[in-house]
Amino acid sequence: MLREYGGKPLVEWLVLLLGVVIFLVGLVFVAGGAELALLGGSLYYLLCGLVLLASGTAMLMGRTLGALLYLAALAYTWAWSVWEVGFSPVDLLPRAFGPTLLGLPVLFSIPVLRRMATRRAIGGIC
Amino acid sequence: MRRYRFLAMGMAAAWLCLPVSSHAQFAAAGSGGPPGASIPGPGRADEPAEQAPADPGYFAGPSPYAPQAPGVNAANLPDIGSVAADSLPAMLPQAGAAPAPGDWATYGRDDAQTRYSPLAQITPENVSHLQVAFTYHTGSYPRPGQTNKWAAETTPIKVGDGLYMCSAQNDIMKLDPATGKEIWRRNLGEKYEAIPYTAACKGVTYFTSSQVPQGQPCHNRILEGTLDMRLVAVDAATGEFCPGFGHGGQVNLMQGMGESVPGFVAMTVPPTVVNGVVVVNHQVLDGQRRWAPSGVVRGYDAESGRFVWAWDVKHPDDHDQPTGNRHYSRGTPNSWAAMTGDDALGLVYVPTGNAAGDYFSGYRSAAENAVSTSIVALDVRTGSPRWVFQTVHKDVWDYDMGSQVTMMDMPGTDGQTVPAIIVPTKRGQTFVLDRRTGQSILPVEERPAPAGDVAGDTRAPTQPWSVGMPSLHMPDLREQDMWGMSPIDQLYCRIKFRRAHYVGEFTPPSLDRPWIMYPGNNGGSDWGSMAYDPQTGILIANWNASPMYAQLITRSKADVLKLMPIDDPHYHPGAGAAEGNGPMEGTPYAITIAPFWDPFTRMLCHKPPYGMITAIDMKHGQKVLWQHPLGTARANGPWGLPTGLPWEIGTPNNGGAVVTAGGLVFIGAATDNLIRAIDERTGRVLWSHVLPGGGQANPMTYEVNGRQYVAIMAGGHHFMMTPVTDQLVVFALPQAAR
């Protein structure tokens, strides 16, 4: 039996924490990416940051969409990385390694988010 | 004068550690525009005022005519007299002219400074059996309460029955080359305060006297230039001071230098003896003031220590010592690298830096501009340049010449060989010159360079490129070359890159925003110089790709940062140092400068490799035989943490290579604290060994009792953040493997 805090299972708190992390990364991406774009640099960070903000927000609302948006951002990250530097491991390291690593807990969050959604649908108050 | 470099990086999975950036250090200067009142008019720009201003103000340093501070004449020596070059006795053939096969007679083994040894006991087949034969402790390392300014950078010499070397603070010793047992030691009592940017002693010089008969004390002597500016001669057999040299074996090199304080001026390279004249140069601390002590190069009689000539850039026709209250002209280009002597042509090849106040050239004279960042061939009879070859015009990037040049015979067009020198540079452009004339043997192109927009300081319209040699630098930086552990540090570095002005290698200094210097003053070839195998014609070069991030700032901003020159009474050692921020007092601007890195993780902003090693075939069209990154990530990582990874990522490196007839290249240099043996033909790393400290020194090899040894000073380097030790580590093959 899962331990519960404030009426939520621990895994749900962890998913919310994941949402906070993704939201904060999104904030950094949007703030830094906006400056970079103004300086004539890559638009990736700004665009990806907006998706991450949406992903984090949705996850904090307990919506499965949050996880899916993160996976979309990850796919965008890989596509952009390969477009920019090909398959060179040294160059992929800073671009794709961390986001992919973060993608693992996001995958595991999907069933939790679904359970949260189901509970909401049943009419529970979350 | 310096050498430096920082650590590098590695990889780690810690991408969630977000470097939240603070850009304060590189923020725009704010109060832009030239501080008009502090710019001297044309009539005052060439020489400092004879007297200090009536109101010295908070930041005015001492007058150049002020007495030297206590300790500047470290041994309180009387002035030395002069002797005419014509009356010098003929020099005996020296050990470096044709070293015995088992000897390493000069800093670069021979007078040509090839760093090539004919020893062949250690080969690619048996090198894996190398083991430590002995370790020797010099006794010089930072004591409690002392700032770590150590980087011994020492290369011993081996002549006959002795291994001669110096500690980082200039104590001289003779070791038994077979056992490492100390035979004698001459302590010089050097003070900690005398250490300039770095406590280094790259080596000592062996000299055989024609005036003292064989068998008498000081027939063979060890000469050394010290951090506290003494020229010292001791007997090679006993270590006793040579009584017939200078005053009791010592000469005060601060004579005629004018106002100075300990640590401002220092000598870190072995003096060079050419036709009986011992030539000395010295470093002057970078970035302090426009009218820093002189960069004068001087010749002394190797027999008596008496003064022979001076080469003072602004007084080209006056080769005498200054008398009375006069001094050598201030602020002139200094030469801190090891020089190369050419007895046959009577020349000494002097690698020069730029004039003081490194990043603003508006107040430099035409005479200074003509000889800065150049190789200057001085006639050792007169002290006058016979030719000059300039590698950067009006240098404001601190591309001072760090490498010792190597003499070689270059294949000519008509089947004859041309007496040549190889001139490495921090730019990664390597020039090959006819050493009789200074003319380039390989094609050199003058290519257009960008103009600057700093008031009162114009840039040279063109810069020289050695298109006949492989270039030892990476392509220009692009935004997508930014690196990091995570997308967030990469984003930080991309912003930092885009904030800066960067239009390639000769991006001019700027006041309104930072600019990037790449290769920069830690790039290309540095004091490790190059190793040349005259048998195979293979040239071994290790080099760096480490950009710098800099910005000119106004005087008022410098005041806020408390940037003051070292000889200012209000000098604050933490505010600025050589290699770092500098006041450039006496010019309109100060400089902020740091590696182009993420200051949070202390990883360089661009992607590796940061250090490379290249083999060039000089006999068949200067082709690259092999080239690969030098240095693993084992001892490097974010926040200076070792990753333990054997990945040959290519780290910053300092210290050169040795090449042997056995077909091996020995080199430490990288920040992974390894010494390694590389196959000269293929570039493959065949053996490596973890040193007790950083291997930031040129290794050497010698033979005694039929056994070949390889020695390297594992002294580390403070700026490269490698462990500092006082240990010389010497390797040899066990009996069974020979």
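Colleague: What do strand 5 and strand 6 of chain B form, and which residue in the turn has a positive phi?

Modeller: They form a hairpin with six residues between them, and B:Gly180 in the turn has a positive phi of about 80°. This is a predicted model. The two strands pair in the antiparallel sense over four bridges, strand 6 covering residues 182–186. One of the pairings sets B:Leu175 against B:Glu182.

Colleague: What joins strand 5 to strand 4 of chain B?

Modeller: Four bridges do, and these strands run antiparallel, with strand 4 at residues 162–166. They too form a hairpin, here with five residues between the strands. B:Asn170 sits in that turn with a positive phi of about 75°. B:Leu163 has B:Leu175 as its bridge partner in strand 5. B:Leu175 therefore has a partner on each side under the bridge assignment: B:Leu163 in strand 4 and B:Glu182 in strand 6.

Colleague: Are the faces of strand 5 of chain B covered or exposed?

Modeller: Both faces are covered. Residues 172–175 make up the strand; B:Ile172 and B:Lys174 are buried on one side, B:Met173 and B:Leu175 on the other. Note that a lysine, B:Lys174, is in the buried set.

Colleague: Which residues does B:Thr138 touch, leaving aside those up to four places away in sequence?

Modeller: B:Thr138 touches B:Met165, B:Ser167, B:Met173, B:Arg185, B:Met713 and B:Asp726. Compare that list with the strands above: B:Met173 belongs to strand 5, while the ranges of strand 4 and strand 6 take in B:Met165 and B:Arg185. B:Thr138 itself is in the loop between strand 2 (131–137) and strand 3 (157–159) of chain B.

Colleague: Why does B:Thr138 count as buried?

Modeller: Its relative accessibility is 1%, and the cut-off for buried is under 20%.

Colleague: Where is B:Cys218 placed, and what does it touch?

Modeller: B:Cys218 is in the loop between strand 7 (205–208) and strand 8 (220–225) of chain B. At 4% relative accessibility it is buried. Its contacts beyond four places in sequence include B:Ser209, B:Val234, B:Phe241 and B:Cys242. B:Phe207 is 11 residues from B:Cys218 in sequence, and their C-alpha atoms are 9.1 Å apart.

Colleague: How should I read the backbone angles?

Modeller: Start from the background: most residues other than glycine have a negative phi, and most peptide bonds are trans. Then list the departures. B:Arg109 has a phi near 80°, lies in the segment before strand 1 (116–117) of chain B, and is buried at 5% relative accessible area. B:Ser529 has a phi near 60° and is buried at 2%.

Colleague: Which peptide bonds are cis?

Modeller: One joins B:Tyr518 and B:Pro519, with omega about 15°. Another runs from B:Pro608 to B:Pro609, with omega near 5°. B:Pro519 is in the loop between strand 26 (515–517) and strand 27 (531–533) of chain B, and B:Ser529 is found in the loop between those strands too. B:Pro609 is in the loop between strand 32 (603–604) and strand 33 (611–617) of chain B.

Colleague: How many helices and strands does chain B have, and what is its radius of gyration?

Modeller: Chain B has three helices and 41 strands. Its radius of gyration is 24 Å, which agrees with the figure near 27 Å for a compact globule of 738 residues. The C-alpha trace spans about 70 × 65 × 60 Å along its principal axes. Buried residues make up 66% of the chain. For contacts between residues at least 6 apart in sequence, 67% join residues at least 24 apart.

Colleague: What are the corresponding values for chain A?

Modeller: Chain A has four helices and two strands, in the order β-β-α-α-α-α. Its C-alpha atoms fill a box of roughly 50 × 30 × 20 Å. Of its 126 residues, 44% are buried. The share of contacts joining residues at least 24 apart is 58%, again among those at least 6 apart.

Colleague: What supplies the exposed area, and how are the charges placed?

Modeller: Carbon and sulfur atoms supply 78% of the roughly 6400 Å² that chain A exposes. For chain B they supply 54% of about 22900 Å². In chain A, the centres of 8 positive and 5 negative side chains lie 16 Å apart. In chain B, the mean positions of 53 positive and 65 negative charges are 4 Å apart.

Conventions: Residues numbered from 1 in each chain as written. Chains lettered and ligands numbered in written order. Heavy atoms only, no water. Rg over C-alpha atoms; globule rule 2.2 N^0.38 Å. Buried < 20%, exposed > 50% of the residue type's maximum accessible area, 1.4 Å probe, protein only. Contact = heavy atoms within 4.5 Å. Areas by Shrake-Rupley, 256 points an atom, 1.4 Å probe, with all protein chains shown as cover. Lys, Arg positive; Asp, Glu negative; His and termini not counted. Charge placed at Lys NZ, Arg CZ, Asp CG, Glu CD.
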